[in-house]
Amino acid sequence: MSAVIGVSTRPARPPARSGALGLLRSTGAAGIASAVVIAVATVLAAFGPLLAPYNPDLPSLGLAWIGPSGGHLLGYDFEGRDVLSRLLAGAQSSMVGPLAVVIGAMVLGTLIAVVAAWRQGLTDTVASSGLDILFAFPGILLAVLAAAVFGAGLTAAATALAIAYMPYVARVLRGAALRERGQPYVAALEVQGASGTSICLRHIVPNMLPLIVAQATILFGWAMVDLAAISFLGLGVQPPAPNWGVMISENQPGILQGYPMPSLAAGLCIVGVVIAFNVLGERLFERAQAAHR
Amino acid sequence: MTGAESAAAPARQEPLLSVDGLTVLLPVEGQQRAVLRDVSLQIRAGEAVGLVGESGSGKSMTARAIDRLLPRGAEVQGQIYFDGADVSALSGSQLRGYRNKVAMIFQDPRAHVNPVRRIGDFMTEALRTNLGVPTADARRRAVDMLTQVGIEDPERRLRQYPHELSGGMLQRVMIAAALLTEPALLLADEPTTALDVTTQAEVMAILDELRRSYGLAMLFITHDLDLAAAICDRTVVMYAGQVVEIRRSELLHSDPLHPYTAALAAARPEIAQKASRLRAIPGRPLSAFEAPAGECAFAPRCAYAQPTCLTAVPELTELDDGLSRCSRAAELRGHLEAVHV
Amino acid sequence: MSEPEAEDGGIAPVLEVARLRKEFGSLVAVDDVSFAIPSGRSLAIVGESGSGKTTIARMIVGLERPTGGTITACGGDRSRPARSARDRRRRGSEIQIVFQDPYTSLDPRQTAERAIDEILRLHHGWPADQRRARIEELTELVGLDSRQARALPKGLSGGQRQRVAIARALAAQPRVLILDESVAALDVSIQAQVLNLLADIRDETAVSYVLISHDLAVVRQLTDDAIVMHRGQLVERGLTAQILDDPQHPYTRRLRASVPRPGWKPSRRQLVPAHSEGEVA
């Protein structure tokens, strides 16, 4: 057998840093800072109610609007509830809502993108046209419609947003799916007799993961803003349940009366988390695009 | 120039291009890695020199260094002289003047031409902006040149866009464009690798003919020994970022001076007969930074290696009007003929 | 594996193509091509870009659907797309393909072992240790050591990746292996290694190669018979040695005259008409 290789078995290129930590490090200081913020927000979402120093739900009107003082770092809101406790308790619904939207939009969007890219032809044309129609409906409009039909609440709002975002996800991912579909390794698997479903699930989608993760991260930020707006309008989470969007709205009168803290604090929480998701998402997106140059 | 180098370029005149001890390091994954090590070669006016090597040999990088097209962060040691001037010291209008005199043709013409501009605009740009030639004049010259490279209906071609031309046509246009500024030196970086073999033969013939008629010097880069030998008088063979042999082209097969050259020629299958097995070189071609330091880069794969080959990097030594970076060159001479099993 | 018998009592060809035709709109990419590969022999399909050679290969493996004509392999017809998953797999176990570009013909997220394992799981219901044994057999056959077999493609050189692609193609024990310019993107010294490897594999497994290539020297080295394609038409056929030593058709002659070899000098034709040139890749 003359098939000799072994003289220099060094690989052609040294392998790049791999794994989640390596990925994080490569997003730079801003990316790492964002990831920290997101991690904190997640912890709060999970354990917020337990960490709250005071009861977030019990009103005590005599204490309304009192600013930061002894033990109450952020003061009291319009019904005399501790603002910090409400923020901590509200983290849950404020984060879970967007999560549901992201999962819904990503799963549906990925499915449509991959199926359209795999089958191409008529399926692709029909899917693209259908998506184009959905594009015409902004998320908030759909959420208002959903509230009108199904009643206000987080479920209806989140579902409406997921449907509204789905075409965007599908559009972005379709390009990547088409590119993978056209690669010779996919053709090699087809020639082997592997089914379309197994090739899509085991090969095409995993190779799109960097883009999917980046897209989901950015989407989370948008969903958070939109859901906060919907809750602000009174169509999402209903008061008195703690939620950052609701808190902005219900404490709004305080801004003009000289007590901006409760509204502002809730707003800052939203802004902080959204920026973190955006920054991290953009960095991941850049890396995902660069990987394909 | 050292004695060895000047012997390989028996100068009745100063060489047009002189590369002297060129070492280039590039940042790769945070570290500076050598891609060229101590590369020296000369090209006389009107002379065609081939530059042959496999992956990692540094042949493309050499051309880019000469044309000052190295990527950001590249560290360059050694000198490159063109017409007596130090190329690295040129700037501004001098650099533009240099670019007029040294024209480069790339492997993929589409990547080096603006797709939204017409062929005519692209071809006449250098003439109009750098040399101040009036537009009508420039277009006339472009038409004339397109005819010389064998394109019919050249006026119509000038009005077309790059995507309307096939790869072979576009490469001819690139050659024509390169010749328009009347350069003294042509750098051709694998100009025919992406072309069909019949198109390649045609483009090679044009390149050879025009080069001779305009008296241009040329550095022709390729991975194909026989292609270089077809139109170049001398051939430089590179391995792992170093020059390992410089030889008259017609002697590469019959009397090579370095085991790598002989092995490379022998590894290629023949069109005239089938061998039971090819004489493959074990291992794979290395880049400069992968080659172990302090020894001959080719030794691990060489059929003639001896323990002494692993103790020091051999120098380029002169032998029969050629150069070889093999410490055993003199004694192996005559036994390296590229034969098939 | 037993050989299906042809009507005259001889052994049927492993691959037979009759009056094959492919149209893309108004463009005729493959025009009435017929050939047969007897068991134990290898065929070269020679041509440049636009000749239709790659389209023929794609039709044989089912990536493209013929407009007309028939394709028969190992006794079964495969002119139309496979109906069932079982049919697709069966066809996959008869004819396989190795592509030209080593950098995109492997899933960047799969090691060689996993890639081969996936194919084995697809075609056989073997237990894990039997698959492992076969994987080792295949990686050894193509000359990969254990580090390389467990490496991701980005840790492998072009030549090593082609070896993985070959091992993966051989996993299902095909009778015919189509090599679509499979060595064209490799360095000369690596190309020689892989050509030797392919000759060794053929000795050991009796596979028949269909070599799609524009490189006449490689064609000579690896094949017994050849057909020459030019703009969709089959212009010459015969023994490889004969076609290369004494080409009859003007295009074949021109092709042979264009191949660089020791002592070769390019010569020039007249002014080129608009549509006669193309590019490889």
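Reader: How many residues of chain B are in contact with how many residues of chain C?
Author: First, the ground rules: this is a predicted model, where local features need pLDDT of at least 70, side-chain atom pairs count only at pLDDT 80 or more, and totals for chains, interfaces and linings use all residues. Residues are numbered from 1 along each chain as its sequence is written, while chains are lettered from A and ligands numbered from 1 in the order in which they are written. Two residues are in contact if their C-beta atoms, placed from the backbone, lie within 7 Å. On that basis, the residues of chain B and chain C in contact with each other number 43 and 41, in that order.

Reader: Which element gives the largest share of the side of chain B that touches chain C?
Author: Elements here are DSSP runs, numbered from the N terminus: helices are H or I with at least four residues, strands are E with at least two. Those giving two or more residues to this side are helix 7 (167-180), helix 8 (197-214), helix 9 (225-231) and helix 10 (259-267) of chain B. The largest share, 11 residues, comes from helix 8 of chain B.

Reader: And how do the residues on that side of chain B divide into nonpolar, polar and charged?
Author: Ala, Val, Leu, Ile, Met, Phe, Trp, Tyr, Cys and Pro count as nonpolar, Asp, Glu, Lys and Arg as charged, and the others, Gly among them, as polar. Sorted that way, the side of chain B that touches chain C has 20 nonpolar, 10 polar and 13 charged.

Reader: Moving to helix 2 of chain C, what arc do its buried residues cover around the axis?
Author: A residue is buried if 20 or more other C-beta atoms lie within 10 Å of its own, exposed if 12 or fewer, and partly exposed in between, with C-beta atoms placed from the backbone. In helix 2 (residues 85-92) of chain C, the buried ones are Arg88(C), Arg91(C) and Gly92(C). They sit on the same side of the helix, because the arc they cover is only 105°. That arc is taken over the directions from the helix axis to the C-beta atoms, and here it comes to 105°.

Reader: What covers those buried residues?
Author: The cover comes from two chains. It includes strand 6 (95-98) of chain C together with helix 7 (184-192) of chain A.

Reader: Is Ala206(C), with its positive phi, buried or exposed?
Author: Phi of Ala206(C) is about 60° although it is not a glycine. You'll find Ala206(C) in the loop between helix 7 (188-205) and strand 8 (208-213) of chain C. With 12 other C-beta atoms within 10 Å, it counts as exposed.

Reader: How many other C-beta atoms lie within 10 Å of Arg231(C)?
Author: Arg231(C) also has a positive phi without being a glycine, near 50°. Its place is in the loop between strand 9 (225-230) and strand 10 (233-239) of chain C. Arg231(C) is partly exposed because its count is 17.

Reader: In the open sheet of chain C with the order 2-1-4-5, which strands are at the edges?
Author: Strands pair if DSSP finds at least two bridges between them, and the pairing in this sheet of 4 strands is antiparallel. Strand 1 (residues 15-24) of chain C, for instance, pairs with strand 2 of chain C over 7 bridges. Each edge strand pairs on one side only, and these are strand 2 (27-37) and strand 5 (76-77) of chain C.
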